[in-house]
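Open the structure in your viewer and keep the sequence panel visible. The stops below say what to select and what is there.

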Amino acid sequence: MKKIGLNIIIGLLTIASLNAQETLSDKEESLLMPKHIVKVFPLDLLYGGFAVGYERVIKPKTSLNFELFQGFGKPEFENSISEKSYRLYFETSVRRYISKQKKAPEGWFLSGGLITQYDYDKLKNKTSSLITNRERLRFGASGRTGYQWLFKKGLKGFTAEVIGGFDFRTVSGLFDGGGSTGYNITLNATIGYSW
């Protein structure tokens, strides 16, 4: 009888310890989710620019996202005008991950943010020495949605993301560069590393 009672106690302790390990592993999994991601935007290279991003998880379903883009252009027009351009773009946004079974920074997300953009264009008439410089500073807001994949096994730490949405930009009066106010539709992709 003592052996049966001892076996029952050992069995119950084994089951309790296995349940405690499962609970602990769930907590460990949430603690092991990355809090930081550094990203690059490979599609921006096609347009003569370079963009980097940083994402910081602040709550289980929320993160802060930052993007910095710098672009240069020297298009040649068929008429007698040549142009050199420079763009500097900064966006900061708050992301809310809406996937029920996934935590930030993984899954579907919605985001809203603020935009600052500086443009400098130098127009030159090829037939004369007339040069026109145009500077403008634009401010605006953005709304985005997308999906972010977080690789946990083979490419551990790497991320991939697809983003789409819209932004609105208006020209400030700080520089006399003219320009238009309006909406843009955006579509982009990122690759990154998380830790």
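**Stop 1: a loop and a surface patch**

Select Leu-155, which is found in the loop between strand 6 (131-150) and strand 7. Bear in mind that this is a predicted model.

Now add Val-38, Trp-149, Phe-151, Phe-158, Val-162, Leu-187, Tyr-193 and Trp-195 to the selection; together with Leu-155 they make a nonpolar surface patch of about 920 Å². Which elements give two or more residues to this patch? They are strand 7 (158-171) and strand 8 (182-194).

**Stop 2: Gly-192**

Stay with strand 8 and select Gly-192, which lies in this strand. Is Gly-192 buried or exposed? Gly-192 counts as buried because its relative accessible area is 8%, and the cut-off for buried is under 20%.

Next, show what surrounds Gly-192. Leaving out residues up to four places away in sequence, Gly-192 touches Val-38, Lys-39, Gly-157, Phe-158 and Thr-159. Val-38 and Phe-158 also belong to the nonpolar patch.

Then select Tyr-54. Tyr-54 and Gly-192 are 138 residues apart along the chain, and 9.1 Å separates their C-alpha atoms.

**Stop 3: strands 5, 6 and 7**

Colour strand 5 (residues 107-125) and strand 6. These two pair in the antiparallel sense over 18 bridges. To see one pairing, select Tyr-120 and its bridge partner in strand 6, Glu-135.

Add strand 7 to the view. Strand 6 pairs with strand 7 over 13 bridges, in the antiparallel sense. Here, select Phe-139 and then Thr-170, its bridge partner in strand 7.

Notes: Residues are numbered from 1 along each chain as its sequence is written. This is a predicted model: local features need pLDDT of at least 70, side-chain atom pairs count only at pLDDT 80 or more; totals for chains, interfaces and linings use all residues. Side-chain values use heavy atoms; hydrogens and water are left out. Patches are made of residues with over 30% relative accessible area and no salt bridge: like charges are joined within 9 Å, nonpolar side chains (Val, Leu, Ile, Met, Phe, Trp, Tyr) within 5 Å. Accessible areas come from the Shrake-Rupley method with a 1.4 Å probe; for residues, only the protein chains shown count as cover. A salt bridge is a side-chain nitrogen of Lys or Arg within 4 Å of a carboxyl oxygen of Asp or Glu. Helices (H or I, at least four residues) and strands (E, at least two) are DSSP runs, numbered from the N terminus. Buried means under 20% relative accessible area, exposed over 50%, partly exposed in between (1.4 Å probe, protein chains only). Contact means heavy atoms within 4.5 Å. Two strands pair if DSSP finds at least two bridges between them.
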